[in-house]
Amino acid sequence: FTPRLGISWEVSRAVLPFASYSRSFLASPAFGFVRSRDGSPFPPQEGAQWEGGVRFDVQGRLLLTLAAFRLDRSNVPTADPSDPSFSVLTGVQRSRGLELLGSWEPSPGVSIFGSYAYTDTRVVEDTNIPEGTRLDNVPYHSGRIWSRWSVRSGLDWEAGVNAGVTYSSSVLAALNQDLEVPGFTVLDGGVFAQWNRWSAQVSVSNLTDQFYFLRGAFGGSGVIPGDSRRIITSLSWTR
């Protein structure tokens, strides 16, 4: 039984507080890398989440959402510190933090989107892992800003550019270890054009071809690198 409950109250046309509560249930896989030493199946993961916040709408041009959340999960498989090829269960993990989402259209043809999250994740109940241990691969700070500029001539044609920045602070490579994977900042961009039924786009991810790591893997014995510079072009025609 996984209920989801929510409530919101329109204080004014521009202010909308809200709150929600939900429970989750996830059966553990019977095969793959999530396995115990003795081969016995893990019990299902269960979770409970509380969230509350407020949304602001300023004349439809500036939209902001600020929310605080808490998520408790139990029976979560994590890499066995003694042998990363096996998994062990943590008693209860807790994630708490803040989220900020926003979009702004300062003028026609200009749009700016942004997001930021602060997340603190800890082990709060366990028989083997000390309480208060920080969870692996979850950054304290993460965010993204994306902007788009375009010019248009009626319905005949439109052209423009877009650019964005993605940021993540450092993360722990593995549970109950001090090894950190450094944070990163990645730039993306592109150009686009549309004329009648034709449209073309060039998108570039990791513009500076930065070498960075996304997260730790295999119980801290390895890391996952991020993608190098990637250029994608597309041309399409609509009937």
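**Strands, a patch and salt bridges**

Student: How many bridges pair strand β2 with strand β3?
Tutor: Keep in mind that this is a predicted model. Strand β2 covers residues 15-26 and strand β3 covers residues 45-58. They pair in the antiparallel sense, and the count of bridges is twelve.

Student: Which residue in β3 is the bridge partner of S24?
Tutor: We're still looking at the pairing of β2 and β3, which is antiparallel. Follow S24 across into β3 and you land on its bridge partner, G47.

Student: And how many bridges join β3 to strand β4?
Tutor: Strand β4 takes in residues 62-80, and β3 and β4 run antiparallel. One spot to look at is E51, which stands opposite F69 in β4. The number of bridges joining β3 to β4 is 13.

Student: Which residue takes a positive phi in the hairpin of β3 and β4?
Tutor: That hairpin has three residues between the strands. Check the backbone there for a phi near 55°, and the residue you'll find is Q59.

Student: Is S103 buried or exposed?
Tutor: S103 sits in strand β5, which spans residues 83-107. Beyond its neighbours within four places in sequence, S103 is in contact with R61, L62, L63, I112 and F113. The cut-off for buried is under 20% relative accessible area. S103 has 19% relative accessibility, so it counts as buried.

Student: How does L100 come out, buried, partly exposed or exposed?
Tutor: L100 also lies in strand β5. Partly exposed is the class between the 20% and 50% cut-offs. The relative accessible area of L100 is 37%, so the class is partly exposed.

Student: Which elements give two or more residues to the nonpolar patch?
Tutor: The patch is on the surface, with an area of about 570 Å². Its residues are F56, L64, L66, L98, L100, Y116 and Y118. Sort them by element, and those giving two or more are β4, β5 and β6 (110-125).

Student: What is the N to O distance in the salt bridge of D120 and R122?
Tutor: D120 is buried because its relative accessible area is 17%. R122, at 26%, is partly exposed. Their side chains meet in a salt bridge, with N to O at 2.9 Å.

Student: Which residue meets R152 in a salt bridge?
Tutor: R152 is exposed, with a relative accessible area of 53%. Its partner has a relative accessible area of 10% and is therefore buried. The N to O distance is 3.0 Å, and the partner is E158.

Student: How far apart are the closest N and O atoms of R230 and D227?
Tutor: R230 counts as partly exposed at 42% relative accessibility. D227 is partly exposed too, at 45%. Their salt bridge has its closest N and O atoms apart by 3.2 Å.

Student: Which residues are joined into one network by salt bridges that share partners?
Tutor: The salt-bridge count comes to eight. Look for shared partners, and the network you get is R70, D72 and R94.

Student: Where in the protein chain is confidence lowest?
Tutor: The chain has a mean pLDDT of 90, and 96% of its residues reach 70 or more. Confidence is highest in strand β1 (residues 4-8), at a mean of 97. At the other end, with a mean of 88, is β5.

Key
Residues are numbered from 1 along each chain as its sequence is written. This is a predicted model: local features need pLDDT of at least 70, side-chain atom pairs count only at pLDDT 80 or more; totals for chains, interfaces and linings use all residues. Side-chain values use heavy atoms; hydrogens and water are left out. Helices (H or I, at least four residues) and strands (E, at least two) are DSSP runs, numbered from the N terminus. Buried means under 20% relative accessible area, exposed over 50%, partly exposed in between (1.4 Å probe, protein chains only). Contact means heavy atoms within 4.5 Å. Two strands pair if DSSP finds at least two bridges between them. Patches are made of residues with over 30% relative accessible area and no salt bridge: like charges are joined within 9 Å, nonpolar side chains (Val, Leu, Ile, Met, Phe, Trp, Tyr) within 5 Å. Accessible areas come from the Shrake-Rupley method with a 1.4 Å probe; for residues, only the protein chains shown count as cover. A salt bridge is a side-chain nitrogen of Lys or Arg within 4 Å of a carboxyl oxygen of Asp or Glu. pLDDT is the predictor's confidence in each residue, from 0 to 100.
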